[in-house]
Amino acid sequence: MNRVALAGNPNVGKSTLFNALTGLRQHTGNWAGKTVATARGEYVFEGREYQLVDLPGTYSLAAHSQEEAVARDYIESGQADAVVVVCDATCLERNLILVLQVLELTGKVLVCVNLLDEARRLGIQVDLPALSQRLGVPVVGTAAGRQEGLDELKGAIARLVEGDTTYVSLRTVASVLAPGAAVTWEDGTAWVRGAGFTLSARPGEQWLTVNGRALYIPHGVRLEEGSTLVPIRTLARALGGEVEWSAGKGVKLIPGEGKPERPPYTEEDLYWMSRIISAESRGEPLLGKLAVGTVVLNRVASGEFPDTVREVIFDRKWGVQFTPVANGTVYDEPTQESVLAAKLVLDGARVAGDSLYFIAPELTDNHWTMENRTYVTTIGCHWFYE
Ligand SMILES: Nc1nc2c(ncn2[C@@H]2O[C@H](COP(=O)(O)OP(=O)(O)O)[C@@H](O)[C@H]2O)c(=O)[nH]1
Ligand SMILES: [Mg+2]
């Protein structure tokens, strides 16, 4: 069974979240030798059992009070497979003190930004993907009181616990997936050259490339003690292998043919995707470009829109067009970073949830979207809606 601890400041909705996830499967009592209350409960997600431990609400882990000592000792003991730090979206800054203290004790952290409904009501927009990138851990938004975001939270906990973000040495694992390949380090980049493929990964960048493809690494390629580290799943995907996870056994690597597969998209998809991203997100960072691409692909996947990238871009549903199509900038040569972003989304990167619409509030007065669609997130200078 996986064990997940819930930490957070008082009054952030930790107990509400705990109840929403575990329902009636709960046990309460006191921490051994302390007058501090404890609650534990279970839930099942995708066939696996999780035990939730509701830690006492604290503003810090300084161990000045019994509550702080209990929370600190528990996290430090390593008994939890993951720690979810629940935060209040309406006063995020104050909550981040605890997040940073937990991050000093363990890397298996997920930040849950709760009370999103209250934040919406107050007109506060929280940029969840940017927060995730800054902190280097997954971030999920919820409104526990309304049962919103709970499936996403359970999914993110599962991925965290089950090693989706397990980083491995590029050199070691590449030699298992593609025996005989040469691994070199040139100009700050790690290269793997094998039969019919070239792979590169540069510490700090949020992707690796393989034969012209680009695969997204949300928390970036790392460099530790001279080793280049990448997520095991991304590397396996790049070289045609697979990663399985099972309770008890952990992560298992299954080598494939030792060479990359063909990209899962066509040249035409890449042509139009890079152009719409380039024209729509001038001056936006990579994350903003990925978000625009996410919307296009969410539309391709949705039954309410056409089924190819090109058709979605030129779609005129209700007479509304993408601005770059209306003004012709979609035909301009795309920037290099837009081509990269297009490759990343076409190869699976997603950053704006299930968004189907975005607006640039500074540039448009598209009130239809604001009034009729559900707000998801803000990335760069765009607001995203489902
Ligand atoms: N609007 C809103 N209220 C919430 C949400 N989650 C919890 N609350 C309310 O916030 C208050 C504190 O919640 P509680 O779960 O006791 O917080 P805890 O101290 O962190 O355990 C209660 O009145 C809850 O009903 C939420 O997502 N949205
Ligand atoms: Mg509580």
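Which strands does α13 lie across, and at about what angle does α13 run to β13? Helix α13 lies across β12 (207-210) and β13, and its direction is at about 70° to β13. The model is predicted. The points below cover the packing of α13 against another helix, then the sheet that holds β12 and β13.

**Helix α13 and helix α9**

- Helix α13 (residues 336-346) packs with helix α9 (residues 267-280) at an angle of about 125°, and their axes are 8 Å apart.
- Angles of 65 to 115 degrees count as roughly perpendicular and those over 145 as roughly antiparallel, so α9 is oblique to α13.
- The two helices, α9 and α13, cross in a right-handed sense.
- On the α9 side, the contact is made by Asp269, Leu270, Met273, Ser274, Ile277 and Ser278.
- On the α13 side, Ser338, Val339, Ala341, Ala342, Lys343, Val345 and Leu346 take part.
- By type, the residues of this contact between α9 and α13 are eight nonpolar, three polar and two charged.

**The five-stranded sheet**

- Five strands form an open sheet in the order β9-β10-β11-β12-β13, and the pairing is antiparallel.
- The edge positions belong to β9 (182-186) and β13 (213-216); each has a single partner strand, so one side of each has no neighbour in the sheet.
- From one strand to the next, the twist averages 20°.

**Pairing of β10 and β11**

- Strand β10 (residues 189-194) runs antiparallel to strand β11 (residues 197-201), and five bridges join them.
- Opposite glycine 194 stands phenylalanine 197 in β11.

Technical notes: Residues numbered from 1 in each chain as written. Chains lettered and ligands numbered in written order. Predicted model: local features only at pLDDT ≥ 70, side-chain atom pairs only at ≥ 80, totals over all residues. Axes fitted to C-alpha atoms, helices over the stretch in contact; angles between N-to-C directions. Helix = DSSP H or I, 4+ residues; strand = E, 2+ residues; numbered from the N terminus. Parallel < 35°, antiparallel > 145°, perpendicular 65-115°, else oblique. Left-handed = near helix turned anticlockwise from the far one by under 90°. Contact = placed C-beta atoms within 7 Å. Nonpolar A, V, L, I, M, F, W, Y, C, P; charged D, E, K, R; others polar. Pairing = 2+ DSSP bridges.
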